[in-house]
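Colleague: I am new to this structure and would like to learn how to read the contact between its chains. Could you guide me through it?

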Number of protein chains: 2
Amino acid sequence: MPTDPIPRPTIYDVAQLAGVSKSLVSLVLRDAPHVSDVRREAVLAAIEELGYRPSPAASALASQRTRTVGVLIDDFHNPWFVELLAGLRSILDPAGYTASVADLQLEAASGRNPVDGFLAQHVDALVIAADPAEGTLDGVGAPIVVAGTREFGAAADAALVADVVAGDDALGARLATEHLIRLGHRSIGHLTGSSGPGAQRRRGYEEAMQAAGLDPLVFGERGGTSEADGYAAACALLDAHPGITGVVAANDVMAVGALAALRERGLTVPADVSVVGHDDSPLAAYRYLALTSVDGHSREVGAESARTLLARFEDPGMPPHRKLLEPSLVVRGSTAPPRA
Amino acid sequence: MPTDPIPRPTIYDVAQLAGVSKSLVSLVLRDAPHVSDVRREAVLAAIEELGYRPSPAASALASQRTRTVGVLIDDFHNPWFVELLAGLRSILDPAGYTASVADLQLEAASGRNPVDGFLAQHVDALVIAADPAEGTLDGVGAPIVVAGTREFGAAADAALVADVVAGDDALGARLATEHLIRLGHRSIGHLTGSSGPGAQRRRGYEEAMQAAGLDPLVFGERGGTSEADGYAAACALLDAHPGITGVVAANDVMAVGALAALRERGLTVPADVSVVGHDDSPLAAYRYLALTSVDGHSREVGAESARTLLARFEDPGMPPHRKLLEPSLVVRGSTAPPRA
């Protein structure tokens, strides 16, 4: 009403006239159950008397729950997230929730905050299965579960108020390294990357090496965690230590990069060099690769993350839930005792 | 107002009293620009006179655009979708749209219609980069772009009213097969699956073989298109035709399955047998696999799909847009002339 100088009545005016809270007006506007007839009548009478019209935006807010959960994964190229998502869905679906998935690498490439899209969708909660930059989660009003990693990089502050469900990355890398040591390997290198889970896995490798009295050989600390990064780190490792007989990679795609570096040098897997991946992603199970890999039980991490979210919806005040799931090692064809 | 027997006025009542269309009432309710003051005044006066209150649901509908596009991909395990999504995003992001991604395999496993989640999110449009079951798209009111496949399986009826942007799958498989023929191969098998794109690719392979006077050898017609399916089809092919020297796979993951079947039989790639994939997915570029593969230009398919959607938003009445993009062959280390 551009020509009408009288200000439009607001929801506060309705609440005041009806003698109820603003929230109760919202409840009536969205036809919520469990509002007494008396109070409903009072609100409707006040709305009529004031000629109040809820704005579309306010109504959208009032209808609240979209029953959608935003899931931020790291990179669609790295298939470790597939099982995590399946686990999430196994709990969210029966509860009537939809998962909306986005990829941190793509979002970051677009130059905007990777959770903005989710907030625009009015998601009820976020599952962060990635390691976003500092500040990314500032001001997010929805519940957050950090899934799959406990080291939360620069977003650690936000993690303080979030629930966390993770595989124990350090323990996983320790299992991988101890497997090679038990097979008889002494010269074992590690391919790492600059991510939060990468730091945990590096720590697990270093602990296992030190416990066995062996020197840690870490490469790739300044790089990423892609197949190309794994190839580059493995080349650096092999140039510096041509006699190594074991490689522990921070993830499966890096391990596949290492396979190429070894083959280029005429080294056979596992006869000359054993290789262990991490994540037990679909790649590791491909017969042609048959990677021994650390299973972080991503499906269970996903399912437990979803259960945590549902519990958080029920009881927003419950104390932060922190759970580390114990990983296990899946032994396939890429590891064997060193040549005698 | 449970005790009030007078029916609540509807948006139709408002439109009638104001002498305008229902759409114009919607426009006024969501404060849309480009409504003349005279008509806006008439609508607001009618709202006041009738005591009309938009329901929250109606308001949510009236506010309409969520600026979210639902993208249904086939299977997160098969990374061909990564580039398509990047292409979509390269156009949607600057236009202020968010992509919400779901996976047909996961959705189907949950037993519900795979697009229900998107409809619950009130997406503005759907991009279908998958081959959903018959009836899946029935009654979807939002614009649909079928991306990446022109053979639309059981959902073909819906495709009749949808825009389609696809790689030319048949031409792609023809390029792959002709590449092997040109290298000198005569005994070339094809690994297929039961999908829509699978049928197109099979046709391309068959056409190229027939044009060269060679017998098509097709395996896997009743199977899926996973790595395990590729392995099984390759085993069947090699059991029936142990002398083949070339394999054209319907996609890259099937090609990786074939690599394992060949290695198990002591056959070296490419010295004994050449293998071609399809999709030029991230897998194909891994140095360890180095698959010659058909590039369907998924990024451009994604970008063109997004441009089509934006054009469709501008002009809902525009005729269906059908575009087939020409694929190209990326030659890597998995193909070579047959042994002399």
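Modeller: Let us begin with charged pairs: a salt bridge is a side-chain nitrogen of Lys or Arg within 4 Å of a carboxyl oxygen of Asp or Glu. Between chain B and chain A there are two salt bridges. In one of them, the side chains of E227(A) and R287(B) meet at 2.9 Å, N to O. This is a predicted model, in which local features need pLDDT of at least 70 and side-chain atom pairs count only at pLDDT 80 or more, whereas totals for chains, interfaces and linings use all residues. Residues are numbered from 1 along each chain as its sequence is written, chains are lettered from A in the order in which they are written, and side-chain values use heavy atoms, with hydrogens and water left out.

Colleague: Which classes of residue make up the side of chain B that touches chain A?

Modeller: Ala, Val, Leu, Ile, Met, Phe, Trp, Tyr, Cys and Pro count as nonpolar, Asp, Glu, Lys and Arg as charged, and the others, Gly among them, as polar. On that side of chain B there are 27 nonpolar, 10 polar and 14 charged residues.

Colleague: How many residues does each chain bring to the contact?

Modeller: Contact means heavy atoms within 4.5 Å. Chain A brings 50 residues and chain B brings 51.

Colleague: How much area do the two chains bury between them?

Modeller: Buried area is the accessible area (1.4 Å probe) that two parts lose on being put together, summed over both. For chain B and chain A this is about 5100 Å², with 61% of it on carbon and sulfur atoms.
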